[in-house]
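Hi,

Here is the complex I said I'd pass on. Have a look at it first, and then read my notes underneath.

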Amino acid sequence: MKFSHFAAASAASVIALSSHAAAQTQIDWWHAMGGELGEKTEALATAFNATQSEFVVVPSYRGSYAETMTGAIAAFRAGEQPDIVQVFEVGTGTMMAAQGAIVPVYQLMANAGVDFDPSAFLPAVVGYYTDPEGNMLSMPFNSSTPILYYNRNIFEAAGLDPNTPPTTWAEVEEFSRQIVSSGAAECGFTSRWVSWAQLENFSAWHNQPIGTLQNGFGGLETELTFNGPVQVRHWENLARWEDEGLYRYAGPGGGNDAGPAFYSQTCGILMESSAGRAGVMANATDFEVGIGMLPYYDDVDGAPQNTIIGGATLWVLSGGSEEEQRGVAEFFNFLSSPEVQAQWHQDTGYLPITQAAYELSQAQGYYEANPGADTSIRQMTLNEPTENSRGLRFGNYVQIRTVIDEEFERLLSGAVDAQGALDAVVERGNALIREFEDANG
Amino acid sequence: MQTKRTIFGNKGLPYLLLAPQLIITGIFFLWPAAQAVRQSFLREDAFGLNFTFVGLRNYERLLDSPEYLNAIKVTVIFSISTVILALGVSLVLALAVDRMIRSGRAYTTLLVWPYAVAPAVAGILWWFIFNPTIGIMPYVLETFFGYDWNHLLTPSDAMILVVVAAAWKQISYNFLFFVAGLQSIPNSLREAAAIDGAGPFKRFWTITLPLLSPTTFFLLVVNIVYTLFETFAVIDATTEGGPAQATNILVYKVFRDGFVGLNFGSSAAQSVILMGLVIVLTFVQFRFVERRVTY
Amino acid sequence: MVENQRWLDYLAHAVLILGVVIVAFPVYVAVIASTHAPTAFTSGTIPLLPGGNAVETYTGVFEGGIASQMSVPIGVMMTNSMIMALAIAFGKIVISILSAFAIVYFRFPFRVLAFWMIFITLMLPVEVRIVPTFEVISNLNMLNSYYGLTVPLMASATATFLFRQVFLTIPDEMMEAARIDGAGPMKFFKDILLPMSQTNIAALFVILFIYGWNQYLWPILVTTDDSYQTIVAGIKRMADVVDSEPLWNSIMSVTVLAMLPPVAVVIFMQRLFVKGLVDSEK
């Protein structure tokens, strides 16, 4: 097969790969950012490579989050792992438990002797990814939290005040009813990420536990507990609202149909990641968008507490040379510098990870120019996080999310009631957590 | 197993002819498959850092789990429906093309080229077409038939969607083989039957269908294998196995549990069961079907 | 034709037109989508008539870069897909026609075992045995190479099975005659079997070319170097966006472009395929 060498050579020459000098240490970075975010992600590597000549970071798109993570694990098992891999937040439990496979960020920084101040980071963002002693395990890269978007034109047509988003679930119901009965739109509200927005964040926002042992931060022997009365009440309501046409279910996982339902003005309110802001604005071609915080039940004690993040972080895999690890440390240092962070935050809508980057964005007047862009940060930092609202950490959580979607679907189809659905989630979820504990114990 | 009445006598040659296929199969299929068998008896973490031998526990857990039994049921319904739809539609189209003297080739071209769409992309297209909010099909169903399509919540809608999408991908393929099969049936046979007074339907049942049986058998096997093993791109892009596992077929479950869930032990056990299933399936087919197939 | 029945002809035309509409509809949607602005799909029912954005979309795709969200030039991706599809199609046909020949025309120890060994590869696509297969590829140093991209995918039984079926339908007299003429097995293979399987080779080539062209998960796993990226992986990369809406118009235009080579193969091979049928006039 001679032709393949020829083709490889010609392909390589077409793409004009930057020929790196032999002295440079190559750092492989696998990421899951497709589309425009992918371009912005790769631009970060290019910018870092331009600042120094010792290391060259080579980013490589590896498919969806799940594909990237499994690809990296397969590569690790074959001894071909990259230095850095981007892992979504629900993979955190798996990565943390793999002690021989990862290098915690705090240790990496200490080994490399890079000046690194953990207190510079926003606790609400970094807290999700620290060990019980508060040491940072992975580098937050793209973090966001669910917020509420609404269609001002529909609000106006329904006789609602376009400047007042609903703040409580009672208002969501009332507004939705008015939207539907006035004929302003077909449905009141829809939501992406049912599991993330309507169960996990819902629990944190109402200061309700998701699981025992500080939502799993305390150890592998944790158990799920989100079948409490507050969550049951909310799911019961969602099922009733779906039945009455006030709420529209948008599918499992990310709920891909939610965006189209909102953009086509079928639904007046959308609950979606704060990082989706740019996309929402770009696709809302025929109407004005307003932004608000997630709604809460005002008769629940402690609500609203604070919401938790989602998104992905960068994990360092072991096996790289000392030089490579030093390069990774330098790269992370570069990523967390205020200018780079502020730029990334403003370009993408992801949360800034340091206080300095947030303040820099304020100083640059970004939030005045983009009303609603700081809703996510205010919502995340509304109160000092409690045991219930720091985040969550369970093994096999990717599968547990699937279980949550399934039971929610069963609830909506009328096969079970809310209590039954959440009990089933807890039971099936705990079995998955036990399996994980067995495999990693 | 069937062979020729007469054969060549060479001793070494057949091995030489088989060598490339066997080497590739051995390295890239049998070896990984053996690994899967090994993994199915282990419990290990995702990175393979520590593992314990657990005997048959992965299998016991599977057979105890209602999700797995549900996946079996879903697979049977999905496979049978898809195979019938895909074979039926393409046979009808092939028969129609076979009647055409001048326009046959034009129709063939028009029917075959959509086969070029990648499954990953076809999934996206079906997602578009059946999207409850912006899709054209729910709109048509609602406007003309008053049917409220929602495959996100109604299990039967979801099943119809994945069956249609999976069958669509296979129609062109089956069509191509049926056309080739039909054209290899000697015209003289059909003419003779027509002279004997057999009408078009009688001729189809007594002449065409039996003579098509090698093609049909081949397609049957290929289509079953297709529905069982090669449909996740379609399912992944449209229903993701939902709602509430209503379209979670066996191979999608292997994929989800192993590739997404990183539960390699259980996923490997499921693969092994699937391998066993196919061995049995093909064995049965060879024993019972091949005897009845006329060549 | 056997006899003239007008109503049957009309019925046949009606069935075929309906069939063409059904089969081509999703592709039609893709073509239409590529002519609209990116926001046309998410707001309102998807358009069924062409929009005015075609020139812009297609030039954007050819220019590449951030506007169309493509980091690898489309030419490179097309070349890679072409290499992959051709290598897989040729490789599979050669490998499987030889083994089918061995299985049908020879009797030797372990023949049945060999057949079964090949046959079980029909099942379990690469997606479900990804981890061990990846290990093999990496042990053989085949990551980031065209070998790694193509060779493992040549191990499939479908083609062998098809050729076996074809050979079984070839009358035994053919071979008896060849033996009387003193032809050896390879001469018989070259002079009789190959020409007689021509149409099947053509049909199979179409299918295997498309199979190779449409691979997604495999290329993305065994290559980390962008210069090996294939067009289908590129399409998925454009569609697979996190926290934003994909640029559907660009994606669909790349989809349409990506379909051109396989469609050309289908049309070109169909000519061969029909010719083969006509030549072997029954």
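**What I found**

Val403(A) has 23 C-beta neighbours inside 10 Å, so it counts as buried. Bear in mind throughout that this is a predicted model. Val403(A) belongs to helix α19 of chain A, which covers residues 397-412. Leaving aside anything up to four places away in sequence, Val403(A) touches Val425(A), Arg428(A) and Gly429(A). For a sense of scale, take Glu322(A): it is 81 residues from Val403(A) along the chain, and 42 Å lie between the two C-alpha atoms.

I did the same for Asn283(A), which you'll find in helix α13 of chain A, residues 277-283. Is Asn283(A) buried or exposed? Buried, because 22 C-beta neighbours fall inside 10 Å of Asn283(A) and the cut-off for buried is 20 or more. From Asn283(A) to Ala418(A) the C-alpha separation is 34 Å, with their positions 135 residues apart along the chain.

**Chain A: two domains and a helix pair**

The domain assignment splits chain A into domain 1 (20-144 + 309-369) and domain 2 (146-307 + 394-440). Over C-alpha atoms, the centres of these two domains of chain A are 29 Å apart. Where they meet, 13 residues of domain 1 of chain A are in contact with 15 residues of domain 2 of chain A. On the domain 1 side, α4 (92-97) and β5 (139-144) of chain A each supply at least two residues, and α4(A) gives the most, with 3. What is that side of domain 1 made of, by class? The split is 5 nonpolar and 8 polar residues, with no charged ones.

There is also a helix pair in chain A to look at. Helix α9 (residues 194-205) and helix α11 (residues 229-244) of chain A have axes that come within 11 Å and cross at roughly 145 degrees. The crossing of α9(A) past α11(A) is right-handed. On the α9(A) side the contact is made by Gln198(A), Leu199(A), Phe202(A) and Ser203(A), and on the α11(A) side by Gln231(A), His234(A) and Leu238(A). By class, this contact between α9(A) and α11(A) comes to 3 nonpolar and 4 polar residues, again with no charged ones.

**Chain B and its two partners**

Chain B touches both of the other chains. Against chain A, 22 residues of chain B are in contact with 31 residues of chain A. The elements of chain B that give two or more residues to this side are β1 (42-44) and α12 (250-260). By class, the side of chain B facing chain A has 12 nonpolar, 6 polar and 4 charged residues.

Against chain C, 92 residues of chain B are in contact with 89 residues of chain C. Which helix of chain B gives the most to that side? Helix α1 (residues 13-39) of chain B, with 17 residues. The side of chain B that touches chain C has 69 nonpolar residues, along with 16 polar and 7 charged.

**Chain C on its own**

Chain C has 13 helices and 0 strands. Of its 282 residues, 57% are buried. Counting contacts in chain C with a separation of 6 or more, 71% are between residues 24 or more positions apart.

**How far to trust it**

For the complex, the predictor gives an ipTM of 0.81 and a pTM of 0.85. Chain B has a mean pLDDT of 84, with 94% of the residues scoring at least 70. Within chain B, helix α3 (residues 66-99) has the highest confidence, a mean of 93, and helix α13 (residues 264-292) the lowest, at 75.

For chain C the mean pLDDT is 81, and 88% of the residues reach 70 or more. Among the elements of chain C, helix α3 (residues 74-105) has the highest mean pLDDT, at 92, while helix α13 (residues 248-279) has the lowest, at 78. As ever, predicted coordinates should not be read in detail where pLDDT is low.

Cheers

Terms used:
Residues numbered from 1 in each chain as written. Chains lettered and ligands numbered in written order. Predicted model: local features only at pLDDT ≥ 70, side-chain atom pairs only at ≥ 80, totals over all residues. Contact = placed C-beta atoms within 7 Å. Helix = DSSP H or I, 4+ residues; strand = E, 2+ residues; numbered from the N terminus. Nonpolar A, V, L, I, M, F, W, Y, C, P; charged D, E, K, R; others polar. pLDDT = per-residue confidence, 0-100. Domains from an automatic or database assignment. Axes fitted to C-alpha atoms, helices over the stretch in contact; angles between N-to-C directions. Left-handed = near helix turned anticlockwise from the far one by under 90°. Buried ≥ 20, exposed ≤ 12 C-beta atoms within 10 Å, placed from the backbone.
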